[in-house]
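Hi,

Here is the structure I promised to pass on to you. Have a look at it first, and then read on for what turned up when I went through it.

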Amino acid sequence: FGSSFPCHGLMLSFFDSCRPSLCCQERPEDRSADNSFSVSTSVFDGRTSSRHGKRLEVPAFFENLQVAMLWTSDDKRMVDDQKMMLQQALKSFVRSLLQGISLEVLLDDGTVILAECSLDFEILNLVLSVGEIRRPVPLASIEAVCGPDEMHSIQTSNARYIDDTCTTLVLHDSQFLTFKFDSVRVRLYFSSCLKVLMVAKEGQQVAGMGHPGESREEC
């Protein structure tokens, strides 16, 4: 993203509990009469379901994974080793997400809520669950996966609360979703694998269509 633009928190439309701040002022024409994601704020009353997956675990070899070397290194053996580690990391990531992981979602006002994040079996959607509420986030709707250093060009209503453990998904229609992880290491693992998975799924769609698709913007 070359210039600054406002994003509206997806959790606003999910849980109807937070409102965009001045940097994300909502215009009347931005409001849809059919807010299909709107649910009761009762999910915040402390009685949410405890049915959450385990925390995301990072493979021990992840520190040795350098994805950029797949395109920059002339050392075939090193490239092959990196490809193998990437495949293993992605396999572990997908397995964990299919089972469901527990993570925190950062809201507009800095509040965090515990949610379960999973992949559907078609690996087309991230599915967020809070209590009995389940909402899909299509991988195809994710425009960018941004770390804290990449958020300078994006105005989000929770910007002041974002730290090194946060990853923000920028979605279609200027919406966003921020996850907060236990450590920078876990954040990097989640972000790296999600980006590779998105590229892989996009490549499958392009191959199926038989012609080049639109490129996805990245921070």
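Let me start with a question: is Phe 62 buried or exposed? Please keep in mind that this is a predicted model. Phe 62 has a relative accessible area of 11%, which is under the 20% cut-off, so Phe 62 counts as buried.

**Around Phe 62**

Phe 62 sits in a loop, the one that runs between β3 (54-55) and α2 (69-72). What does Phe 62 touch, once its neighbours within four places in sequence are left aside? The contacts are Arg 185, Leu 188, Tyr 189 and Ser 192. For Tyr 189 there is also a C-alpha distance: 7.5 Å from Phe 62, with the two positions 127 residues apart along the chain.

Phe 62 turns up again in the lining of the second largest cavity, together with Leu 65, Val 67, Leu 86, Ser 192, Cys 193 and Val 196. Helix α4 (residues 184-209) gives the most to that lining, with three residues. By class, the lining has six nonpolar residues, one polar and no charged. The space inside comes to about 30 Å³.

**The other cavity**

How many cavities of 30 Å³ or more does the structure hold? There are two. The largest cavity has about 40 Å³ of space. Its lining is made of Arg 55, Leu 56, Ser 102, Leu 103, Lys 180, Phe 181, Asp 182 and Val 186. Here the classes are four nonpolar, one polar and three charged, whereas the lining of the second largest cavity has no charged residue.

**Helix α3**

If you like a quick geometry check, try α3, which covers residues 76-99. With 24 residues at 1.5 Å a residue, the helix should span 34 Å, and the C-alpha atoms at its ends are 35 Å apart, so the two values agree. Which residues of α3 are buried? They are Val 79, Gln 82, Met 85, Leu 86, Ala 89, Leu 90, Ser 92, Phe 93, Val 94, Ser 96 and Leu 97. As background for reading that list, an α-helix has 3.6 residues a turn, so residues three or four places apart point the same way. Leu 86, one of the buried residues of α3, is also among those that line the second largest cavity. After the helix comes Gly 100, which has a positive phi, near 100°.

Ser 92 may be worth a click while you are in α3. Its relative accessible area is 17%, which is why Ser 92 is classed as buried. Not counting residues up to four places away in sequence, Ser 92 touches Pro 59 and Tyr 189. Tyr 189 is also one of the contacts of Phe 62. Between Ser 92 and Cys 193 there are 9.5 Å from C-alpha to C-alpha, and 101 residues in sequence.

**Leu 126 in strand β6**

Leu 126 belongs to strand β6 (residues 125-130). Because its relative accessibility is 2%, Leu 126 counts as buried. Beyond its neighbours within four places in sequence, the contacts of Leu 126 are Leu 97, Cys 117, Ser 118, Leu 119, Arg 135, Pro 136, Val 137, Leu 139, Ile 142, Leu 169 and Leu 194. One of these partners, Leu 97, is a buried residue of α3. Another is Leu 139, 13 residues away along the chain and 6.7 Å away between C-alpha atoms.

**Two residues with positive phi**

Most residues other than glycine have a negative phi. Where does Asp 173 lie? Its place is the loop between β10 (166-171) and β11 (175-180), and its phi is positive, near 65°. Ser 174 is found in that loop between β10 and β11 too, with a positive phi near 60°. Asp 173 is exposed, with a relative accessible area of 71%, while Ser 174 is partly exposed at 29%.

**The whole protein**

Finally, the overall numbers. The protein has four helices and 11 strands. Of its 219 residues, 45% are buried. Among contacts with a separation of 6 or more, 59% are between residues 24 or more positions apart. The exposed surface is about 11900 Å², of which carbon and sulfur atoms supply 51%.

Happy browsing, and best wishes

Definitions and conventions: Residues are numbered from 1 along each chain as its sequence is written. This is a predicted model: local features need pLDDT of at least 70, side-chain atom pairs count only at pLDDT 80 or more; totals for chains, interfaces and linings use all residues. Side-chain values use heavy atoms; hydrogens and water are left out. Helices (H or I, at least four residues) and strands (E, at least two) are DSSP runs, numbered from the N terminus. The expected span of a helix is 1.5 Å times one less than its number of residues. Buried means under 20% relative accessible area, exposed over 50%, partly exposed in between (1.4 Å probe, protein chains only). Contact means heavy atoms within 4.5 Å. Accessible areas come from the Shrake-Rupley method with a 1.4 Å probe; for residues, only the protein chains shown count as cover. On a 1 Å grid over the protein atoms alone, a cavity is a set of points where a 1.4 Å probe fits but cannot get out, and a pocket is an open set with protein on both sides within 12 Å along at least five of seven lines; lining residues have an atom within 4 Å of a point. Grid points are joined across faces, edges and corners, and a volume is the space filled by probe spheres set on the points. Ala, Val, Leu, Ile, Met, Phe, Trp, Tyr, Cys and Pro count as nonpolar, Asp, Glu, Lys and Arg as charged, and the others, Gly among them, as polar.
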